[in-house]
Amino acid sequence: MLRTRTICATVVLVGATLGTAAVPAVATQAATARATACPTGWGSPAKTDDDTTATPVRGIRTGRHDCYDRMVVELPGAGRSGLGYSVRYVDRLHQDGSGRSVPVAGGAVLEVRVAAPAYAPGTGGPTYPARAGRPLPGVDLTGYRTFRDARFAGSFEGETQVGLGVRARLPFRVLELRDRVVIDVAHTWTGGR
């Protein structure tokens, strides 16, 4: 009788321990899934805003996020009004003015045009130290899930043009924030990580 009670008590304790351990694991998985749910519905058609500014581009930087890779074009002093852009997928990136093709690595190429010069309007001196056809200065895309390449195409007649090479033709969005234009390219079409 004592032996039967001991076996039953042991089975109950083991079952309770396993049940308790399983609940937090399931709860943790659910919390992780909620925390990493990514936005959807951005799409891949061209996105534009026809505004312009004489405030020059001063920098371009990139960043990695859980759901997307980000490019930020910095225009200090521009505020939010007057920030114009055109962002669209192209088969090849062609430099404004010359029409010369600029090679951009990746499965797809986003042409990023910001309606602002990369030079001082009064003097023509460069405000962003990039060279046409070359990688963006200071941008290292090692370890990015979506971005593959970022090339400066040039600045011509008040517009700055960049080629952003991405893994595939993925959904993207464009945000106008104070003093900057932000381009986010999703890691997937499904909204998951």
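The following exchange concerns how terms are applied to this predicted model.

Me: On what basis are the residues numbered and the values computed?
Reply: Residues are counted from 1 along each chain as its sequence is written, and side-chain values use heavy atoms, with hydrogens and water left out. The model is predicted: local features need pLDDT of at least 70 and side-chain atom pairs count only at pLDDT 80 or more, while totals for chains, interfaces and linings use all residues.

Me: Why is Cys 38 called buried?
Reply: Buried means under 20% relative accessible area, exposed over 50%, and partly exposed in between (1.4 Å probe, protein chains only). Cys 38 has 12% relative accessibility and therefore counts as buried. Cys 38 is found in the loop between helix H1 (2-35) and E1; helices (H or I, at least four residues) and strands (E, at least two) are DSSP runs, numbered from the N terminus.

Me: What makes Arg 58 partly exposed?
Reply: The relative accessibility of Arg 58 is 47%, so Arg 58 counts as partly exposed. Arg 58 lies in the loop between strand E1 (47-49) and strand E2 (59-64). Arg 58 touches Glu 74, Pro 76, Thr 127 and Tyr 128, leaving aside residues up to four places away in sequence; contact means heavy atoms within 4.5 Å.

Me: What makes Glu 74 and Arg 61 a salt bridge?
Reply: A salt bridge is a side-chain nitrogen of Lys or Arg within 4 Å of a carboxyl oxygen of Asp or Glu. The side chains of Glu 74 and Arg 61 meet at 2.3 Å, N to O, and the rule is satisfied. Glu 74 lies in strand E3 and Arg 61 in strand E2, so the pair ties together parts that are 13 residues apart in sequence. By this rule the count comes to eight salt bridges.

Me: Which residues are linked in a network of salt bridges?
Reply: Arg 88, Asp 96, Glu 111, Arg 113 and Glu 159 are linked in this way. Within the network, Arg 88 and Glu 111 meet at 3.1 Å, N to O, and Arg 113 and Asp 96 at 2.4 Å. Glu 111 is buried because its relative accessible area is 3%, whereas Arg 88, at 37%, counts as partly exposed.

Me: How do you know that E3 and E11 pair?
Reply: Two strands pair if DSSP finds at least two bridges between them. E3 and E11 have seven bridges, in the antiparallel sense, and the criterion is met. Met 71 stands opposite Ile 183 in E11, and the bridge partner of Asp 69 in E11 is Val 185. E10 and E11 also run antiparallel, joined by six bridges.

Me: Why do E2 and E10 stand at the edges of the sheet?
Reply: The open sheet of four strands has the order E2-E3-E11-E10, with antiparallel pairing. E2 and E10 each have a single partner strand, so one side of each is left without a neighbour in the sheet.

Me: Why is E11 described as largely enclosed?
Reply: Six of the seven residues of E11 are buried, so the strand is largely enclosed by the rest of the structure.

Me: Which members of the largest nonpolar core touch the most other members?
Reply: A nonpolar core is a set of buried Ala, Val, Leu, Ile, Met, Phe, Trp, Tyr and Cys residues joined through side-chain atoms within 4.5 Å. The largest such core has 34 residues, of which Met 71, Leu 75, Leu 136, Ile 183 and Val 185 touch the most other members. Its largest share, four residues, comes from E7.
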